[in-house]
Structure formats: structure tokens, C-alpha cells
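Have a look at the model below before reading on. The notes after it walk through a few spots worth finding on screen.

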Amino acid sequence: MLDFRDLCLQWGVALTGGIASGKSTVGRSLRERGFTVIDADQASRLVVLPGTDGFAEIVAYFGQTILLPSGELDRAKMREIVFNDTEKRRKLESIIHHRLAVVSEELLRKEGLFENPRLWFYEASLIYERKREKDFSAVWVVYCPEILQIERVMKRDTISHEQAVAILKAQMPPDEKVKKADLVIRTDCSSDELEKQITDALSRMQTGVKP
């Protein structure tokens with residue numbers, strides 16, 4: 001039976017791209033087609049739920065002020081803190097990310113991928129920033145022009161143009177990710193065209209990934 005590392009290297013595809021590039025839309029399409037897609041953002045929530053070691057470590061470092069009245073983490077406040085403080089952002093990442101592999105492996109076991117290996121996807125924004133591209137069989141980059149990213153994130157998060165631009169500047173430029181990608185999916189198109197891109201991409205990947 002494959003171990004977790006081999007399941008990633010042989011069958012895992014990283015699905016990445018900048019904020020509001022359309023990763024979730026592509027991920028949703030892949031799920032509808034029957035593929036397992038692990039959302040790193042959702043998985044990261046599991047490792048910091050109240051009662052977990054991750055939660056305890058975050059509270060010990062950041063203090064009780066980052067908790068909501070319900071006792072859960074105030075994610076909006078956490079985002080504000082770490083966005084403006086590189087050291088604190090790195091600390092938060094160190095608490096969360098080594099636990100993500102454990103959660104990811106558990107999710108893949110529940111899906112039966114260790115017994116029946118098949119193509120699966122890991123949706124995460126910072127694959128290249130964390131130098132994780134070699135951990136997977138391939139990297140798909142979801143891309144749209146920066147002006148569209150800004151419009152989308154302003155609408156989605158109800159923030160100003162200046163705030164949206166600042167968030168984008170904190171990430172690797174989309175054009176650099178495109179240059180590094182094994183495959184690029186553009187989302188500045190119609191739904192039908194996007195679905196066609198995904199179909200074509202899957203056709204190429206399913207003949208190229210080795211068992």
C-alpha cells in the first residue's frame with residue numbers, strides 16, 4: 001500500500017493560484033465530477049478547533065483577545081494581526097501547516113485513496129510560496145487578470161480597492177505562478193469555456209499520472 005508521500009507524488013495534483021483567482025470554482029467542478037479535493041483552508045480550520053492542540057498553541061501565543069465570545073478563534077482579527085506582522089504570520093503558519101498533513105492523510109483515508117489510488121487534488125493558495133510544488137505529481141495554476149482578482153476580492157470580502165491591492169501584493173505575482181505551472185486554467189471566461197478547459201486538463205492528466 002502507498003504511504004502518504006507517494007500518494008501525493010504519484011496521484012496528487014496541487015490546485016493553486018492567487019486570491020479570488022477562481023480556485024474554489026474549479027475545485028467545485030472537480031468534486032462534481034467525482035474527484036476528491038482537499039481544501040487546505042477548510043482543513044486548516046479543523047486543526048484549530050477548540051479543544052485541539054493547534055487551538056491551544058495559538059491561544060498561548062496570541063492571547064485570549066483573539067477569541068470570540070463563543071470561545072472560537074476570531075478569524076477576522078487573526079487575519080488582521082498576521083497580515084500586518086510577518087513574524088506573527090510565520091508563527092501562525094508554523095502552528096497550522098505541519099498539522100495539515102495529518103488532517104489531509106486522514107481525509108484521503110476516509111475517501112479510500114490508499115486502497116484504491118486515483119487522481120486527487122489539493123487546493124491551496126501558497127504552493128509555490130512554501131516551495132511545495134515538488135510534493136505533487138503536477139501543479140495546476142488557476143489564473144485571471146489582476147484587475148478581475150481585485151474586483152472579485154472587493155466584492156467577496158467587502159473591502160476597499162486599496163486593501164485588495166495590498167493583499168495581492170503580499171502574494172507571489174500570478175504571472176510568476178503561470179510560468180512555473182504544469183497546466184494553467186483561466187477563469188476570465190464563460191462557464192462553458194471553463195468546464196471545457198477542466199475537461200481537457202483532466203484528459204491530459206489522467207493519461208500522464210503514473211500508478
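What follows is a short tour of cysteines, a helix pair, two loop residues and two helix residues.

## Ground rules

This is a predicted model, where local features need pLDDT of at least 70, side-chain atom pairs count only at pLDDT 80 or more, and totals for chains, interfaces and linings use all residues. Residues are numbered from 1 along each chain as its sequence is written, and side-chain values use heavy atoms, with hydrogens and water left out.

## The cysteines

How many disulfides does the structure hold? Zero, taking a disulfide as a pair of cysteine sulfur atoms within 2.5 Å. For Cys144, the closest cysteine sulfur is that of Cys189, and at 10 Å this is too far for a bond.

Are these two buried or exposed? Cys144 is buried, at a relative accessible area of 1%, while Cys189 is partly exposed at 31%. Here buried means under 20% relative accessible area, exposed means over 50%, and partly exposed is in between (1.4 Å probe, protein chains only).

## Helices H4 and H6

Two packed helices are described by the angle between their axes and the distance between the axes. For H4 (residues 53-62) and H6 (residues 86-110), the axes come within 10 Å and cross at roughly 165°. The axes are lines fitted to C-alpha atoms, for helices over the stretch in contact, and the angles run from 0 to 180 degrees between N-to-C directions. Helices (H or I, at least four residues) and strands (E, at least two) are DSSP runs, numbered from the N terminus.

That crossing angle makes H4 and H6 roughly antiparallel, a label for angles over 145 degrees (under 35 is roughly parallel, 65 to 115 roughly perpendicular, the rest oblique). On the H4 side, the residues that meet H6 are Asp53, Gly54, Glu57, Ile58, Tyr61 and Phe62; on the H6 side they are Glu87, Lys88, Lys91, Leu92, Ile95 and Arg99. Contact means heavy atoms within 4.5 Å. Sorted by class, this contact has five nonpolar, one polar and six charged residues. In that scheme Ala, Val, Leu, Ile, Met, Phe, Trp, Tyr, Cys and Pro count as nonpolar, Asp, Glu, Lys and Arg as charged, and the others, Gly among them, as polar.

## Two loop residues with positive phi

Ala20 is not a glycine, yet its phi is positive, near 60°. You'll find Ala20 in the loop between strand S1 (12-16) and helix H2 (23-32), where it is buried with a relative accessible area of 12%.

Lys131 also isn't a glycine, and has a positive phi of about 55°. Its loop runs between strand S3 (120-123) and strand S4 (138-143), and Lys131 counts as exposed at 68% relative accessibility.

## Two buried helix residues

Ser104 sits in helix H6 and is buried, at 2% relative accessibility. Leaving out residues up to four places away in sequence, Ser104 touches Phe4, Ile38 and Tyr122. From Ser104 to Asn116 is 12 residues in sequence and 16 Å in space, C-alpha to C-alpha.

Gln149 belongs to helix H7 (residues 146-157) and is buried too, with a relative accessible area of 2%. What does Gln149 touch, not counting residues up to four places away in sequence? The contacts are Gly18, Ile19, Ala20, Ser21, Cys144, Leu168 and Pro174. Two of these came up earlier: Cys144, buried at 1%, and Ala20, with its positive phi.
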